[in-house]
Amino acid sequence: MTLIARFALLIVLCANGLAQIRLNQIQVIGSHNSYHVGLAPSETLWLTKLNPKSADGLDYRHPGLDVQLSMGVRQVEIDIYADSKGGRYAHPANLKFVADLGLPADPPFDPDGLFLKPGFKVMHAQDIDYRSSCQPFTGCLAVILNWSKAHPGHLPLFILIETKDGRGRPFQVETEPFTTAVFDDLDKEIRSVIPAGKMIVPDEVRGKHATLEEAVLKDGWPSLDSSRGKVVFLLDQRRAGPDYVAGHPSLKGRVIFTNAEPGSPDAAFVEVNDPLKNPGLIPGLVKSGYLIRTRTDADTVQARSGDTKMRDAALASGAQILSSDYYFSEKASWTGFSVNFPKGEVARCNPVVGPAGCGEIRP
């Protein structure tokens with residue numbers, strides 16, 4: 001086939017939306033702190049007395065992970081705490097504070113005693129904000145896996161994991177640090193629930209390249225078709241990267257893609273949470289080949305004011321993953337703020353790197 005004939009064929013394929021679309025050439029909407037069900041009534045009153053601004057920032061809640069996925073969410077965020085022996089977070093301090101204030105007792109937060117058992121726990125802030133729609137971490141993964149099995153051929157699901165550490169306030173229990181050994185346990189927990197064939201892992205993307213970054217910058221991400229029905233794990237906090245990478249150069253043998261500094265051997269995923277701070281940053285990273293997550297709103301600020309500048313900048317930036325507390329039909333009660341694509345799609349062709357002729361993206 002001559003060069004002209006090949007070019008003509010490419011035009012025909014693109015015109016029919018049949019050109020090869022890669023994983024990084026779409027844009028999806030995700031949820032922030034996807035497990036979050038909000039504070040109970042008396043807990044809210046207690047926190048409002050302690051710190052009204054914090055109480056406002058936590059005044060959001062999500063339905064179950066499977067419900068969100070059925071709504072069209074294609075990225076979920078799960079905050080985890082290491083608890084290798086079990087029981088570290090089983091007795092939250094604010095239960096006592098609520099009682100001391102004479103407030104009515106809230107419903108039990110752990111009726112099945114899961115916090116007494118070893119394993120990674122899911123919550124936003126120990127001793128303050130610990131109610132989750134799924135528990136423990138493996139339980140959340142099971143919800144995702146079951147939904148995936150019931151919806152074969154779905155768009156790839158991005159699972160953002162935030163590893164929580166530190167104490168914060170003096171009354172909060174000291175967290176268990178995320179060492180390389182703890183990260184080994186995390187990989188084991190993930191593999192114990194999600195089959196290998198259902199995951200896209202760094203080894204697969206790196207292929208024969210010397211580094212993961214070289215692979216995504218030169219050859220790019222897998223095709224969208226080959227990624228369907230699978231999940232991609234992403235690490236939220238950049239400071240956790242060195243301990244996760246230790247002993248696994250360029251993430252060899254690891255499950256999760258780190259939030260890495262561009263130029264690092266493990267750089268494939270980069271988190272840029274504020275699309276307004278440096279408007280040219282995200283489009284530049286996207287054009288280079290990185291997978292980007294950004295936020296459209298934060299701490300209920302935009303939801304209360306109705307300000308859409310952050311949302312609109314995120315949509316236009318080309319970031320493949322847009323994270324929100326108010327997605328699709330989940331609208332903020334104060335202003336009706338919500339994040340949707342213009343045509344109401346679950347996903348769309350990436351506005352910065354979507355291929356020519358890219359048509360409707362099947363959810």
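Author: A disulfide is a pair of cysteine sulfur atoms within 2.5 Å, and the structure to which this cut-off is applied here is a predicted model.

Reader: Which residue does a disulfide join to Cys349?

Author: A pair of cysteines counts as a disulfide when the sulfur atoms lie within 2.5 Å. For Cys349 there is such a partner, with a distance from S to S of 1.8 Å, and that partner is Cys358.

Reader: Is the disulfide of Cys349 and Cys358 right-handed or left-handed?

Author: The handedness is read from the torsion about the S-S bond, which for Cys349 and Cys358 is about -85°. Because the torsion has this value, the disulfide is left-handed.

Reader: How far apart are the sulfur atoms of Cys134 and Cys140?

Author: Cys134 and Cys140 also form a disulfide, and with a torsion of about 95° about the S-S bond this disulfide is right-handed. Cys134 counts as buried at 7% relative accessibility, and Cys140 is buried as well, with a relative accessible area of 0%. The sulfur atoms of Cys134 and Cys140 are apart by 2.0 Å.

Reader: What pattern do the disulfides of the chain follow?

Author: The count of disulfides comes to 2, with Cys134 bonded to Cys140 and Cys349 bonded to Cys358. When the bonded cysteines are counted along the chain, the pattern is 1-2, 3-4.

Reader: Which helix gives the largest share of the largest nonpolar core?

Author: The largest nonpolar core holds 86 residues, and Phe137, Ile190 and Phe233 touch the most other members. Leaving aside residues up to four places away in sequence, Phe137 touches several residues, including Ile78, Phe120, Leu186 and Ile190. The largest share of this core is 6 residues, and these come from the helix spanning residues 137–150, namely α6.

Reader: How many residues are in the second, separate core?

Author: In soluble globular proteins, nonpolar side chains tend to be buried together. Here a second, separate core includes Leu58, Tyr89, Phe109 and Ala125, and its number of residues is 15.

Reader: Which element gives the largest share of the lining of the largest pocket?

Author: The largest pocket, with a volume of about 470 Å³, is lined by 28 residues, and among those nearest its centre are Asn33, His124 and Lys164. Elements that give two or more residues to this lining are α3, β2 and β8. The largest share of the lining is 3 residues, and it comes from β2.

Reader: How many residues of the lining of the largest pocket are charged?

Author: The residues of this lining divide into three groups, of which 6 are nonpolar and 10 are polar. The number of charged residues is 12.

Conventions: Residues are numbered from 1 along each chain as its sequence is written. This is a predicted model: local features need pLDDT of at least 70, side-chain atom pairs count only at pLDDT 80 or more; totals for chains, interfaces and linings use all residues. Side-chain values use heavy atoms; hydrogens and water are left out. On a 1 Å grid over the protein atoms alone, a cavity is a set of points where a 1.4 Å probe fits but cannot get out, and a pocket is an open set with protein on both sides within 12 Å along at least five of seven lines; lining residues have an atom within 4 Å of a point. Grid points are joined across faces, edges and corners, and a volume is the space filled by probe spheres set on the points. Helices (H or I, at least four residues) and strands (E, at least two) are DSSP runs, numbered from the N terminus. Ala, Val, Leu, Ile, Met, Phe, Trp, Tyr, Cys and Pro count as nonpolar, Asp, Glu, Lys and Arg as charged, and the others, Gly among them, as polar. Buried means under 20% relative accessible area, exposed over 50%, partly exposed in between (1.4 Å probe, protein chains only). A nonpolar core is a set of buried Ala, Val, Leu, Ile, Met, Phe, Trp, Tyr and Cys residues joined through side-chain atoms within 4.5 Å. Contact means heavy atoms within 4.5 Å.
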